[in-house]
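Subject: A structure for you to explore

Hi,

Here is the structure I promised to pass on to you. Have a look around it first, and then read on at your own pace.

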Amino acid sequence: METAGALSMQSIAWIAKENVGASQRNFARFRQSSVATKCSDQNAFANLWIKRSSLLGRSKDVTTVKLSFCYKNAAASTVESESCYAFVDEASILKKKSQDVIPYLNGQCLYLVGMMGSGKTTVGKILAEALDYSFFDSDKLVEHAVGGTSVAQIFRDHSESFFRDNESKVLKELSFMRRLVVATGGGAVIRPVNWISMKQGITIWLDVPLDALAKRIAAVGTDSRPLLHDDSGDPYTKAFMRLTDLFEERGEAYTQADVRVCLQSMAATEGHGDPSALTPTAIAIEALDLIKDFLDGKECGKRIA
Ligand SMILES: Nc1ncnc2c1ncn2[C@@H]1O[C@H](COP(=O)(O)OP(=O)(O)OP(=O)(O)O)[C@@H](O)[C@H]1O
Ligand SMILES: O=C(O)C1=C[C@@H](O)[C@@H](O)[C@H](O)C1
């Protein structure tokens with residue numbers, strides 16, 4: 001179709017959530033005036049349908065785009081329709097979303113909280129690069145502060161509470177800084193004093209189902225994770241059992257975060273239901289969306305008050 005050919009790749013390289021309207025199975029309608037203006041017939045208007053998974057930034061390369069045209073005076077609502085392929089790449093989406101969120105952030109730090117293995121380091125580094133922030137891992141800072149030994153060794157040579165005291169000191173020092181993404185230790189949320197430090201910035205909970213966490217941890221082993229290492233059994237089962245206990249103790253604490261990135265919900269929105277299929281970049285993109293919503297809400301609150 002001639003008009004479908006007029007749809008430029010540029011026009012769909014970026015899909016803002018607020019432009020997404022009604023949805024069909026696996027497709028979402030994308031309202032964009034530039035598409036309609038590319039319609040050669042002034043009496044027609046266009047609907048652009050983009051594969052839903054692309055909206056989460058998951059499709060790395062090609063996505064299906066359906067373009068349908070409705071003529072204002074026609075009896076049938078849709079008289080022409082065409083499918084084509086377009087490139088929607090995660091990197092451009094991440095870049096665009098981070099540019100959008102930077103003015104709202106105004107240099108505030110981001111603190112990633114979540115269970116061990118939830119991706120705080122992996123997603124944190126992606127966010128830091130996209131926002132042109134510095135990345136810090138609080139576990140690494142504690143290791144450095146205690147003379148360069150590993151977290152596991154600190155637990156062995158000293159105690160968990162010695163580790164936690166140093167973790168609180170590190171978080172307090174970071175709270176005076178700006179333009180940082182901090183991956184916190186999985187247990188940082190249990191001390192209220194740490195929330196006072198982290199709430200100087202924006203707190204983001206990476207909420208990953210325990211089953212997916214146990215799979216990730218089993219894949220890399222539990223040597224570096226002292227709280228998981230002592231139990232016996234196969235790596236997946238011992239990780240899953242211990243994570244379940246820890247989550248019972250801490251689940252509530254994570255809900256204090258300003259923003260919750262729920263991988264189960266993301267996977268459900270994508271239609272496949274598998275949180276393990278979500279890329280770290282897609283998770284970072286979702287985090288940026290939610291951070292912007294959170295900061296928008298704060299601004300609205302200020303205006304209303
Ligand atoms: N979205 C993802 N999909 C698949 N694997 C992932 C994803 N995010 C992280 N991983 C993998 O999971 C493991 C744990 O990730 P990462 O170190 O980022 O988590 P963490 O929350 O910082 O962990 P910890 O609190 O124990 O330091 C790594 O092997 C990483 O490559
Ligand atoms: O979940 C936890 O309590 C921990 C997570 C790691 O990041 C480390 O901070 C340490 O192993 C404790």
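Below is what I found, going from the core to a ligand.

Please keep in mind that this is a predicted model.

**The core**

A good place to begin is the largest nonpolar core, which has 63 residues. Which of them touch the most other members? They are Leu105, Leu110, Leu127, Ile204, Val261 and Ile291. Helix 15, covering residues 280-304, gives the most to this core, with eight residues. Try clicking on Ile291: leaving aside its neighbours within four places in sequence, you will find Val101, Leu105, Leu110, Ile202, Ile204 and Val259 in contact with Ile291.

**Strand 6 and its partners**

Next, turn to strand 6, residues 110-113. Leu110 and Leu112 point one way from this strand, while Tyr111 and Val113 point the other way. Are these residues buried or exposed? All four are buried.

Strand 6 has a parallel pairing with strand 8 (residues 180-183), made over three bridges. In that pairing, Leu110 has Val181 as its bridge partner. Strand 6 also pairs in the parallel sense with strand 9 (residues 202-207), over four bridges. Here Val113 is matched with Trp205.

**A buried aspartate**

Strand 9 is also where you will find Asp207. With a relative accessible area of 12%, Asp207 falls under the 20% cut-off, so it counts as buried. Its side chain makes a polar contact, at 2.7 Å, with the side chain of Arg260. Not counting residues up to four places away in sequence, Asp207 touches Arg260, Val261, Cys262 and Leu263.

**Helix 11**

Helix 11 spans residues 210-220, and its buried residues are Leu210, Ala212, Leu213, Ala214 and Ile217. After this helix comes Gly221, which has a positive phi, near 90°.

**Around ligand 2**

Finally, zoom in on ligand 2, which has 11 residues around it. Asp139, Arg164, Gly186, Leu227 and Arg250 come nearest. An N or O atom in the side chain of Asp139 is 2.6 Å from an oxygen atom of the ligand. Two glycines use backbone N or O atoms instead: the one in Gly186 lies 3.2 Å from a ligand oxygen, and the one in Gly187 lies 3.4 Å from a ligand oxygen. How much of ligand 2 does the protein cover? On its own the ligand has 310 Å² of accessible area, and the protein covers 94% of that. The elements giving two or more residues to the surrounding shell are helix 9 (160-174) and helix 12 (226-229).

Enjoy exploring!

Best wishes

Notes: Residues are numbered from 1 along each chain as its sequence is written. Chains are lettered from A and ligands numbered from 1 in the order in which they are written. This is a predicted model: local features need pLDDT of at least 70, side-chain atom pairs count only at pLDDT 80 or more; totals for chains, interfaces and linings use all residues. Side-chain values use heavy atoms; hydrogens and water are left out. A nonpolar core is a set of buried Ala, Val, Leu, Ile, Met, Phe, Trp, Tyr and Cys residues joined through side-chain atoms within 4.5 Å. Buried means under 20% relative accessible area, exposed over 50%, partly exposed in between (1.4 Å probe, protein chains only). Contact means heavy atoms within 4.5 Å. Two strands pair if DSSP finds at least two bridges between them. A polar contact is a pair of N or O atoms within 3.5 Å; within protein, one must be able to donate a hydrogen and the other to accept it, and residues adjacent in sequence count only if both atoms are side-chain atoms. A residue is near a molecule or strand if one of its heavy atoms lies within 4 Å of it. Accessible areas come from the Shrake-Rupley method with a 1.4 Å probe; for residues, only the protein chains shown count as cover.
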